[in-house]
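Okay, thanks for coming, everyone. I'll walk through the side-chain contacts and then one sheet, so let me get the structure up on the screen.

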Amino acid sequence: MVYRMRLRLWHRLFLAFAALSVLALAGYIGWQQHGFRNGFLAYLDEVALERLQPATRRIADAYQENGGWEFLQRDPHRFGELIDLRDSIRGEREHDRPPPPDEGRGPPRDDRDARPPRRPPPPGPSELMHRLALLDATGMLVVGNPAVATDTDARALAIEIGTTRVGTLRLQRMPQISNALDLDFARTQMRTALIAALAVLVGAFTLAFALARWLLAPVRALAEGTRALAAGDYARRIPATRNDELGALATDFNHLAKSLERHRDARRQWGADIAHELRTPLSVLRGEIQALQDGVRAPSAQAFDSLYAESERLGSLIEDLYHLALADAGALEYRFGAIDAVELVHEAIELQRNACTDAGIVIEPTLASVAHVRGDGRRLAQLLDNLLANARRYTDAPGRIRVELGNSGDRARLIVEDTPPGVAATDRPRLFDRLYRVDPSRSRAAGGAGLGLAICRAIVDAHGGSIETEASPLGGLRVVVHLPFADASLP
């Protein structure tokens, strides 16, 4: 059985930080070493040029003594003797040597005895000689490496007698470090750089580990909270203490959990309210039918009218619930077109006028001359009927219902308001909730099931409009509906 390790997100983030640190340091060390080697080689070239200055003077003296460059062409070994760097090295050492003791501290010394025996100057270092070439005043090679003579990147030292240039000593740039001391120095620099890089990597890995754990702590909390929500624990909340995207995500999660908890409670309450609403007419029907069966109540037109009224109430409730279910599913059928809102409101008022008169309520219409809206005539008629019926049920007699239709910018505005009783400001935002009613002024005794305004909001939303409630100057409730005007292209 092959075991495969499952990398968690913080593991991957840590590995990403670690790999980035390694690549960055490797690139930096490579760049630093490349720059160090180039700079060090340039430094060695400058040192070599400085040490070749005395050689240019010796070569100029030899040229003047021999009257030309033929002596070097006949004997190229003389070029190595003239290039000898021991004088410059000895001069540097004598410059660093402490001064001799005072004359009075001992007998005078013979300078000839103190000086080592003079030896003939050996030829210059072979490594340096391969990098040198001597050219005459016309640029022709006299002696040395022919490749150096044609190297355009070589350094040049003028051979002059007085102010006349008689030749050029060319020094090829050092291609690589070959001297043992120089190699030891370069290795020491590399070793120091690697030690520093190792120390930086250890610190970077530690920081990457801590940073990955810290960054993904909210992610772990979100994962645990999501599992809790999936298990039905809608009370779970995540501390939103950060000000970055993860903090915003935690805030959104808390909003989601709160919404789910609120919807769950509303669903439970709605189920209980529906059961209660259905139970009431069914209980009445059952009681009246049982009374007829037992002979307690004789069959009569009044008894059948009561049964019919309860069945109508039950059918109306079921129909409202059906319409809300269709609205939630987006399955309500709409056929949009240009609708004459003035005629539609007038017809709705006439349908409700007799019922309002019987209830002791007067309807006062104030309609614009022309107002064409984009909508479905059947659904808008249902909207008006629900609004007028709702105002009629919850207005005390004698009372008034004022209906206004006018323009508000690029939309038609419909206002339906009534006389007392009104609705408290704390209750008005919930009037569009399903099965919500304000008791006792707007109770079940008025005959409503608390679904009319919910259906109104679904119809208005489908038409791209808006609906809201506010206190009416008449003392009751004002419902304001905005609907978009019809386009000229609509029939």
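Let's start with a charge and a ring. The charged end of Arg374 sits over the ring of Phe336, 4.3 Å from the ring centre. Just so we're clear, this is a predicted model.

Now, ring against ring. How many aromatic pairs does the structure hold? Just 1. The partners are Tyr63 and Trp69, with 4.5 Å centre to centre and 45° between the planes. That geometry counts as tilted, because the class covers what is neither under 30 degrees, which would be stacked, nor over 60, which would be edge-to-face. And are those two residues buried or exposed? Both Tyr63 and Trp69 are buried.

On to the salt bridges. There are 10 of them in the structure, and I'll take you through a few.

Let me begin with Glu261 and Arg237, where the closest N and O atoms are 2.9 Å apart. Glu261 belongs to helix 9, residues 245-294, while Arg237 is in the loop between helix 8 (180-230) and helix 9, so this contact ties together parts that are 24 residues apart in sequence. As for exposure, Glu261 has a relative accessible area of 22%, so it is partly exposed. Arg237 comes out at 34%, which is also partly exposed.

Next up, Arg400 and Glu364. Their closest N and O atoms are 3.5 Å apart. Here the link is between strands: Arg400 lies in strand 8, residues 399-408, and Glu364 in strand 6, residues 361-367, so parts 36 residues apart in sequence get tied together. Arg400 is partly exposed at 33% relative accessibility, and Glu364 is partly exposed too, at 26%.

Then there's Arg402 with Glu417, a salt bridge at 3.6 Å, N to O. Arg402 is in strand 8 and Glu417 is in strand 9 (residues 411-418), so that pair ties together parts 15 residues apart in sequence. Which of these two is buried, and which is partly exposed? Glu417 is buried, because its relative accessibility is 0% and the cut-off for buried is under 20%. Arg402 has a relative accessible area of 23%, so it counts as partly exposed. These two also belong to something wider: Arg402, Glu417, Glu470 and Arg478 are linked in a network of salt bridges.

What about covalent links between cysteines? A disulfide is a covalent bond between the sulfur atoms of two cysteines, and this structure holds 0 disulfides. Two cysteines to look at while we're here: Cys356 is buried, with a relative accessible area of 1%, and Cys456 is buried as well, at 0%.

Last stop, the sheet. It's an open sheet of 4 strands in the order 2-1-4-3, and the pairing is antiparallel. Which strands sit at the edges? Strand 2 (141-144) and strand 3 (155-161), each of which pairs on one side only. From one strand to the next, the twist averages 25°.

If you zoom in on strand 3, you'll see that 7 bridges join it to strand 4, residues 164-171, with the two running antiparallel. To pick out one of the bridge partners, Ala156 is matched with Arg170 in strand 4.

That's my tour, so let's go to discussion.

Methods:
Residues are numbered from 1 along each chain as its sequence is written. This is a predicted model: local features need pLDDT of at least 70, side-chain atom pairs count only at pLDDT 80 or more; totals for chains, interfaces and linings use all residues. Side-chain values use heavy atoms; hydrogens and water are left out. Rings of Phe, Tyr and Trp (its six-membered ring) pair if their centres lie within 6.5 Å; planes under 30 degrees apart count as stacked, over 60 as edge-to-face and the rest as tilted. Buried means under 20% relative accessible area, exposed over 50%, partly exposed in between (1.4 Å probe, protein chains only). A charge sits over a ring if NZ of Lys or CZ of Arg is within 6 Å of the ring centre and within 35 degrees of the ring normal. A salt bridge is a side-chain nitrogen of Lys or Arg within 4 Å of a carboxyl oxygen of Asp or Glu. A disulfide is a pair of cysteine sulfur atoms within 2.5 Å. Two strands pair if DSSP finds at least two bridges between them. Axes are lines fitted to C-alpha atoms, for helices over the stretch in contact, and angles run from 0 to 180 degrees between N-to-C directions.
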